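Subject: Structure for your review

Dear colleague,

Please find below the structure that I would like to hand over to you. My notes on what was found in it follow directly after.

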Amino acid sequence: MKKVLEVYNIEVKLGKQTILKTVSFDIEEGKIVGLVGPNGAGKSTTMKTIVGFIFPERGKVLINGYDVYREKEKALAGVDALIENPAFYENISGFDNLKLWKDFKKVTREQIIENAMMCGLTSEQLKKKVKKYSTGLKQRLALTKVLLGNPKFVILDEPTNGLDPTGKIEFKEIIKKVKKEKGTTFLISSHLLDELEDLCDKFVFINNGKIIKELEKSDIMQSQKYTIIFKSKKEEVLNVLDELHIKYYSIGGNEVEIELDGADITEINSYLMSKNIRVEEIKRKKKDLEEVYREIFIDNIGC
Ligand SMILES: Nc1ncnc2c1ncn2[C@@H]1O[C@H](COP(=O)(O)OP(=O)(O)OP(=O)(O)O)[C@@H](O)[C@H]1O
């Protein structure tokens, strides 16, 4: 599949500090990728470097095959970004702010209103001066501005900052809709892992200015843990698991959670049957993004 973004070994220095150290990853067309990492990991710096706000010491960034630093205009055509607090003129209305982008984004007045509605702004709110907007409304205005003119590639740094739960839910729906209907590619950073888990096709994990892992959503779901629901007596089941040296956690009346360490679940099932253990069901446990985050950043695996 066509790659919209290719980041090759970028190194970024700000002042005397090296903030990014050989950051590389890519994004395929039409995918939503989550950039995940703790505070100060380098997410915003990576995003700013991708859109050419920061010039790297080394490495290159290609968008749709064009070099961001050598062919900036071509590379950034059809790209928009929401990085840090969006700047708006406070003394004019939200609508008048959006109108300033009308020619640049090649959109009509009607398209501006349509986009604003999609992003949850009412016509009353659009008429108000931006200085009267709450943080959440400003964020909706910023998202409207970013999505004007149907950009092909959109970068969003902490886009749900300041949004209430309704706003967060609506935000996810908007992004899903835009992806589905327009095939837009997204790079999104957020500290809200369940939000990213729901939206993203792939996750890029960054810490201390280095990419430390990349996982597809399907990889995240793969866990080594299974739940066995049985009809036999519990002590009989646990005895058999002991014989097999399987790590287990007893979690309920007739349920036990096991963790495979290279063992084969089919063989375990056959062994249980050969010992006359009556198994009702074996379910593979789903891992969530928070569990993966904990393994990577808190238990320090892979850092
Ligand atoms: N202009 C700057 N000059 C010097 N250091 C900077 C500058 N901007 C950022 N940094 C440092 O670079 C590192 C990465 O910052 P960055 O904002 O990219 O992290 P982040 O992952 O986006 O963090 P957060 O989740 O807190 O927003 C931090 O240690 C930060 O202090």
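I begin close to the C terminus of the notes' scope, with residues 272-299: their end C-alpha atoms lie 33 Å apart, and the span is 46% helix and 21% strand. An unreviewed UniProt entry lists these residues, 272-299, as "coiled-coil region". Please bear in mind throughout that the model is predicted.

Domains

The domain assignment divides the chain into domain 1 (3-78 + 152-220), domain 2 (89-147) and domain 3 (224-285). Taken over C-alpha atoms, the centres of domain 1 and domain 3 are separated by 41 Å.

Surroundings of the ligand

The shell around the ligand consists of Leu14, Gly15, Gln17, Ile19, Gly37, Asn39, Gly40, Ala41, Gly42, Lys43, Ser44 and Thr45. By character, these residues divide into three nonpolar, eight polar and one charged. Two elements, strand E2 (17-28) and helix H1 (43-50), each supply at least two residues of the shell. Helix H1 gives the most, with three residues.

Helix H1 is also mostly covered, since six of its eight residues are buried. The buried residues in H1 are Lys43, Thr45, Thr46, Met47, Thr49 and Ile50. Two of these names, Lys43 and Thr45, also appear among the residues around the ligand. Just after H1, glycine 52 takes a positive phi of about 80°.

The six-stranded sheet

Six strands form an open sheet with mixed pairing, in the order E6-E7-E8-E3-E9-E10. Its edge strands are strand E6 (79-82) and strand E10 (210-216), each of which pairs on one side only. Neighbouring strands of this sheet are turned against each other by 15° on average, direction ignored.

Within the sheet, strand E3 (residues 32-36) and strand E9 (residues 202-207) pair in the parallel sense over four bridges. The bridge partner of valine 33 in E9 is lysine 202.

Strand E8 (residues 185-189) contains threonine 185. This threonine 185 is buried, because 27 other C-beta atoms lie within 10 Å. The C-alpha atoms of threonine 185 and proline 151 are separated by 8.8 Å, although the two residues are 34 residues apart along the chain.

Two asparagines with positive phi

Most residues other than glycine have a negative phi. Two asparagines therefore deserve a separate entry here.

Asparagine 150 has a phi near 50°, a positive value in a residue other than glycine. Asparagine 150 is placed in the loop between helix H6 (135-147) and strand E7 (153-157). Is this residue, asparagine 150, buried or partly exposed? Asparagine 150 counts as partly exposed, because it has 18 C-beta neighbours inside 10 Å, whereas a buried residue needs 20 or more.

Asparagine 276 likewise has a positive phi, of about 60°, although it is not a glycine. The loop that holds asparagine 276 runs between helix H11 (265-274) and strand E14 (279-284). With 9 C-beta neighbours inside 10 Å, asparagine 276 counts as exposed, the limit for that class being 12 or fewer.

I would be grateful if you would look over these points with the structure at hand.

Yours sincerely,
A colleague

Terms used. Residues numbered from 1 in each chain as written. Predicted model: local features only at pLDDT ≥ 70, side-chain atom pairs only at ≥ 80, totals over all residues. Domains from an automatic or database assignment. Near = placed C-beta within 6 Å. Nonpolar A, V, L, I, M, F, W, Y, C, P; charged D, E, K, R; others polar. UniProt positions renumbered as here; feature names shortened; annotations may be inferred. Pairing = 2+ DSSP bridges. Axes fitted to C-alpha atoms, helices over the stretch in contact; angles between N-to-C directions.
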